[in-house]
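Reader: Got a minute to go through a model with me? I'd like to talk pockets and packing.
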Amino acid sequence: MSQSLLVAFVMFATVMFFTPGPNNIMLLSSGLTYGFRPTIPHIMGITVGFAFMVGAVGLGLGTIFIAYPVLQTILKYAGAAYLIYLAWAIAMSEPPSAEEDRSRGRPMTFWGAAMFQWVNAKGWVMVIGTITAYAAIAAYPWNIAIQVGLSLILGILSCTAWALFGTALRPILTSRRAVRAFNVVMAVLLLASLYPVFMDA
């Protein structure tokens, strides 16, 4: 593998992982609302789910979407609809109190976060960029394995950082009203991330 190409891929992946997007916005909100420890399954779901996507597309699943472009359209709009639902859920979420039923207001689960990657527009941009823009890396199974490994490392680092950032805001945003206002802002930003989806329609 070309070292310069590997460095270029790491730079691309780092920027994509750490910049704001649906996953990071949700983690920020979850860290503030529920704390870091309850958000760990969400972190792991994003990390493992995205790395699995990179491996699956790199090993040939992407050819299905090339052969049947309508599947891309279906996923795009299904993802947009789900993001709208998530934005509403985030806007309505509040930190659970000791008196409230613990079955309510839980953060996203591992499987929920992992499955969300398949309808996440930014996730698909990252996966397609990873496999196509760095084709020389992705040309061989061993190199795809390297991409998957790097996705796991960068994914866990970025997801943890965003969740910790949200958790660090808990001592600052102490009232339920402040948390609700913050989550509404996060919901608006999440909706704003849909702009490229509809501009590409």
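Author: Sure, here is a quick run through a pocket, the nonpolar cores and one histidine; keep in mind that this is a predicted model.

Reader: Pocket first. What volume does the second largest pocket have?
Author: The second largest pocket comes to about 310 Å³. It is lined by 18 residues, and the closest to its centre are Y34, A89, I90, R106 and M108.

Reader: And which elements give two or more residues to that lining?
Author: Those are α2 (22–34) and α4 (69–92). The largest share, 7 residues, comes from α4.

Reader: How does the lining split by class?
Author: There are 11 nonpolar, 6 polar and 1 charged residues in it.

Reader: OK, switching to packing. Which residues touch the most other members in the largest nonpolar core?
Author: M26, L86 and L190 do, out of 25 residues in that core. At least two core residues come from each of α2, α3, α4, α5 (110–116), α8 (141–168) and α9 (176–192). There is also a second, separate core of 18 residues, with F17, A56, I131 and V148 among them.

Reader: What is L190 in contact with, leaving aside neighbours within four places in sequence?
Author: On that basis, L190 contacts P22, I25, M26, L83, L86, A87 and I90.

Reader: Now H42. Buried or exposed?
Author: H42 counts as buried because its relative accessible area is 2%, and the cut-off for buried is under 20%. H42 sits in helix α3 (residues 36–67).

Reader: What's in contact with H42, again leaving aside neighbours within four places in sequence?
Author: M26, L27, S30, M108, T109 and A113 are in contact with H42. M26 also turned up among L190's contacts, and M108 in the pocket lining.

Conventions. Residues numbered from 1 in each chain as written. Predicted model: local features only at pLDDT ≥ 70, side-chain atom pairs only at ≥ 80, totals over all residues. Heavy atoms only, no water. Helix = DSSP H or I, 4+ residues; strand = E, 2+ residues; numbered from the N terminus. Buried < 20%, exposed > 50% of the residue type's maximum accessible area, 1.4 Å probe, protein only. Contact = heavy atoms within 4.5 Å. 1 Å grid on protein atoms, 1.4 Å probe; cavity = no way out; pocket = protein on both sides within 12 Å on 5 of 7 lines; lining within 4 Å. Points joined across faces, edges and corners; volume = space filled by probe spheres on them. Nonpolar A, V, L, I, M, F, W, Y, C, P; charged D, E, K, R; others polar. Core = buried A, V, L, I, M, F, W, Y, C linked by side-chain atoms within 4.5 Å.
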